[in-house]
Amino acid sequence: MKFPLGRAPVSLSASASPSTPFLHRNLCASKFIDDENDTHFVSLLSDIVRGKQSWKVALNDPSVSSTLRPHHVERVLINTLDNSRLALRFFNFLGLHKNMNHTTTSFAILVHALVKERLFWPANSLLHTLLLRGSDPKLVFSKFLDSHRQFIVRLMFANTLLPEVRTLSALLNGILRTRKFIMVWKLYDESVKAGVQPDPYTCSAVVRSLCELKDFFKAKEKILWMESNRFDLSIVTYNVLIHGLCKGDRVWEAVEVKRSLREKGLKADVVTYCTLVLGFCRVQQFEAGIRYMNEMIELGLAPTEAVISGLVDGLRKQGKFDNAYDLIVKVGRFGFLPNLFVYNALINSLCKGGDLDKAESLYNNMCMMNLRPNDITYSILIDSFCRRGRLDVAISYFDRMIANGIRQTVYPYNSLINGQCKFGDLSAAETLFTEMINKGIEPTATTFTSLISGYCKELQLHRAFNLYNEMIEKGVTPNIYTFTALISGLCSTNKMAEASKLFDELVERKIKPTEVTYNVMIEGYCRDRNINKAFELLEDMLQKGLVPDTYTYRPLISGLCSTGRVSEAKDFIDGLHKQNLQLNEMCYSALLHGYCQEGRLMEALSASCEMVQRGINMDLVCHAVLIDGALKQLDRKTLFGLLKDMQDQGLRPDNVIYTSMINAYSKEGSFKKAFECWDLMVTEECFPNVVTYTALMNGLCKAGEMERAGLLFEKMLAANVPPNPITYGCFLDRLTKEGNVKEATELHHAMLKGLLANTVTYNILIRGFCKLGRFLEATKILSEMTENGIFPDCITYSTLIHEYCRSGNIGAAVKLWDTMLNKGLEPDLVAYNLLIYGCCVNGELNKAFELRDDMLRRGMKPRQSLRALQQGQCGSSS
């Protein structure tokens with residue numbers, strides 16, 4: 001059986017006008033159509049509830065049963081408030097016969113109705129049923145409060161009593177908080193229809209509800225209708241519309257509303273302007289936002305902290321750090337400032353961009369404006385200054401932080417410890433580490449890793465591993481940076497077996513190596529001349545999806561060059577270029593150095609031209625390598641051509657280039673040219689360093705001009721350039737060659753006191769005594785150097801082995817050779833050739849062949865092939 005739909009009640013809202021086109025213009029129109037249909041359906045249900053027809057029959061009709069929903073029941077119950085018993089029967093019928101899952105609101109409406117008629121027992125029973133459903137008590141309470149408000153107002157309307165406008169305002173704003181926006185404007189329409197004269201806050205509530213529904217057309221239309229009915233509208237209502245438009249990213253429409261205020265007799269207030277500025281921030285139009293902020297300041301209106309913060313942080317996020325900084329300075333003159341979070345964010349951005357002066361200025365600005373910096377502010381500044389090696393400034397901020405009573409955290413300690421390890425001294429880092437522990441601040445993986453890295457850089461591996469073990473004992477999990485630091489330390493000391501073992505350990509721990517970890521290992525293997533292993537790691541790196549960079553490729557190129565495989569290095573570079581992998585000057589300088597080391601200057605120049613063609617500019621390092629190569633080849637034409645190319649590129653020779661030229665002229669005895677180059681260097685304000693002084697002194701010493709070398713040494717001291725062991729070695733070498741071992745020994749003792757003696761200086765002294773035939777004193781010096789904590793190298797042993805062979809004492813020579821091997825030193829080509837030759841000359845052919853075979857296994861070729869061996873064999877047979 002079909003039931004006729006009742007007529008919808010007439011609304012005074014603008015939406016009821018036949019000429020209103022909004023139903024066809026807005027997506028939200030469908031909601032209003034549905035609501036109108038709901039009104040017809042609820043009217044039909046109310047007739048069924050109050051009629052004499054069987055509910056079972058009426059509600060079983062498909063057109064009714066398929067449409068009936070819980071929210072329809074809520075409205076029917078409201079319409080049946082005058083007969084709570086009938087409402088309860090209908091409520092129970094639906095639950096029993098239609099399995100209706102009633103809403104909490106339906107329960108609330110019915111309980112209110114029953115209590116009003118003093119039917120407490122059924123009301124209590126309903127409450128008990130509701131709680132048994134496991135509903136959240138807070139939600140239940142809010143529903144009861146909401147339904148109570150509607151209940152009271154609708155009851156007043158039913159009894160032709162008009163609520164006070166403040167009652168209606170409170171109700172509408174309460175419903176707004178529950179986000180029932182459609183209910184707000186419907187209740188508003190009903191109130192106006194009943195004769196309530198709305199105030200600005202009531203009007204604002206309905207405008208806000210439409211804005212929340214994003215029906216801005218309807219919101220504007222509603223305001224026009226309010227204006228035409230001469231309702232009391234204030235700036236508050238228009239601000240609500242402006243806020244809604246800004247929230248919907250329709251800022252320029254909001255600007256038009258603001259512009260229309262004057263003709264309505266209203267003035268934009270601080271809320272208007274702040275809303276517009278924040279709206280512009282929302283759509284990333286910060287310049288427009290700044291214009292409106294300036295306008296409000298000119299009108300004497302104070303922008304809020306949120307407005308300043310929004311503009312400053314927006315500019316910062318766009319990378320306009322200077323603009324953000326200038327804005328803070330500008331508004332600061334008027335006493336306005338952003339919040340602490342925005343200050344910290346901008347200080348952090350300025351620090352990362354390297355503008356520490358402006359970051360400090362902001363800090364001072366904060367203090368001047370009585371905005372107290374917090375631990376984050378200080379942590380940012382301390383970390384930034386530590387990263388740039390300005391430890392004194394970082395420490396001053398740390399001291400200020402403590403003096404101001406700011407809580408100390410692990411982060412500034414980590415920054416200071418890391419800074420001291422990189423730029424200061426390890427003892428200061430250790431003091432900070434002890435201090436933080438004494439204060440109860442637990443060190444993190446970053447704390448331990450900084451110290452471990454510092455120890456590894458100083459080659460104090462035992463201390464690094466002790467700290468690593470302490471870290472494990474404290475339950476602090478090492479990360480990839482910890483392992484990379486330890487691996488780097490092992491690689492730096494040529495302990496590649498241990499480094500490889502640790503690399504495998506981190507893989508077993510499921511810690512993924514990074515590009516840096518692989519780069520360290522690759523460089524270590526290249527330094528160890530194990531190029532094949534280095535390329536295996538490169539392949540492994542690629543298979544794991546890691547991206548090699550110039551720090552990966554440079555050691556590989558340099559490693560190939562250092563092992564005499566320069567052509568392979570060139571092929572490797574060409575292959576990378578074909579893969580469109582961009583190399584830099586650092587990679588090409590390694591190749592150029594390889595060519596120059598082998599005397600292949602023309603090929604180096606050709607490679608440099610190719611480098612430029614591939615879009616890589618020749619930097620100072622590349623020029624320095626080629627200039628050094630040209631100097632060694634005595635190719636003055638190429639030298640001057642390279643210097644002209646530098647000048648054309650706007651590059652000026654640096655210490656390295658001038659020193660190379662001075663060194664080359666000194667070695668060939670052209671001291672006039674060397675000193676001319678020196679004078680030019682000083683004229684260009686490129687001041688000589690210890691290497692420059694030493695290069696010229698070395699040439700003078702070798703030429704026997706000890707007096708001039710001595711004068712230059714005094715000049716060096718006067719210029720506050722401290723000499724190094726090599727500087728002293730120049731004089732030491734000349735004295736030993738002249739046979740003046742007494743002065744040489746005295747000089748070396750002075751070097752020992754100044755901690756300037758090293759393996760090289762001892763080698764010079766040993767060689768001097770050997771040349772004079774004072775072999776016993778030479779062997780005593782070997783013992784002395786070990787006692788002084790200076791360890792002999794391959795050259796030390798080779799010098800003594802050569803003297804033993806010359807004197808025919810092959811047994812002592814072989815014994816010393818075995819001592820060298822037992823100490824973990826690897827003989828070089830010269831050492832092998834010296835002992836092999838000595839064995840042959842002294843008839844020890846079996847040992848000579850044994851050494852030859854060992855040499856071949858290590859990938860080295862005997863300099864004299866089998867010739868010396870055959871001569872030795874013939875000599876022994878005759």
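**Reading a predicted helical model**

User: How many disulfides does this predicted model have, and what makes a pair of cysteines count as one?

Analyst: The count comes to 0 disulfides in this predicted model. A pair counts when its two cysteine sulfur atoms lie within 2.5 Å.

User: How do you know that Cys 622 is not bonded to Cys 587?

Analyst: The closest cysteine sulfur to that of Cys 622 belongs to Cys 587 and lies 10.0 Å away; a disulfide requires the two sulfur atoms to be within 2.5 Å, and the separation is therefore too far for a bond.

User: Why is Cys 622 called buried, and what is the case for Cys 421?

Analyst: Buried means a relative accessible area under 20%. Cys 622 has 0% relative accessibility and so counts as buried, while Cys 421, with a relative accessible area of 14%, is buried because that value also falls under the cut-off.

User: What is the overall make-up of the protein, and how much of it counts as buried?

Analyst: The protein has 50 helices and 0 strands, and 48% of its 878 residues count as buried. Among contacts with a separation of 6 or more, 62% are between residues 24 or more positions apart.

User: What makes a group of residues a nonpolar core, and which residues have the most contacts inside the largest one?

Analyst: The members must be buried residues of certain kinds, Ile and Leu among them, joined through side-chain atoms within 4.5 Å. The largest such core has 236 residues, and Ile 452 and Ile 557 have the most contacts inside it. Leaving out residues up to four places away in sequence, Ile 452 touches residues including Ala 464, Leu 467, Tyr 468 and Met 471. A second, separate core of 34 residues includes Leu 88, Phe 93, Met 100 and Leu 114.

User: Why is helix α20 described as largely enclosed by the rest of the structure?

Analyst: Of the 13 residues of α20, 10 are buried, so the helix is largely enclosed. Those buried residues include Leu 340, Tyr 343, Ile 347 and Cys 351, and what covers them includes α18, α19, α21 and α22.

User: How does the reach of α20 compare with the expected value, and what is found at its N-terminal end?

Analyst: Helix α20, residues 340-352, reaches 18 Å from its first C-alpha to its last, close to the 18 Å expected at 1.5 Å a residue. Asn 339 caps the N-terminal end, where a side-chain oxygen lies 3.2 Å from the backbone nitrogen of Phe 341, which means that the pair falls within the 3.5 Å limit for a polar contact. Gly 354, which follows α20, has a positive phi near 85°.

Key. Residues are numbered from 1 along each chain as its sequence is written. This is a predicted model: local features need pLDDT of at least 70, side-chain atom pairs count only at pLDDT 80 or more; totals for chains, interfaces and linings use all residues. Side-chain values use heavy atoms; hydrogens and water are left out. Helices (H or I, at least four residues) and strands (E, at least two) are DSSP runs, numbered from the N terminus. Buried means under 20% relative accessible area, exposed over 50%, partly exposed in between (1.4 Å probe, protein chains only). Contact means heavy atoms within 4.5 Å. The expected span of a helix is 1.5 Å times one less than its number of residues. A polar contact is a pair of N or O atoms within 3.5 Å; within protein, one must be able to donate a hydrogen and the other to accept it, and residues adjacent in sequence count only if both atoms are side-chain atoms.
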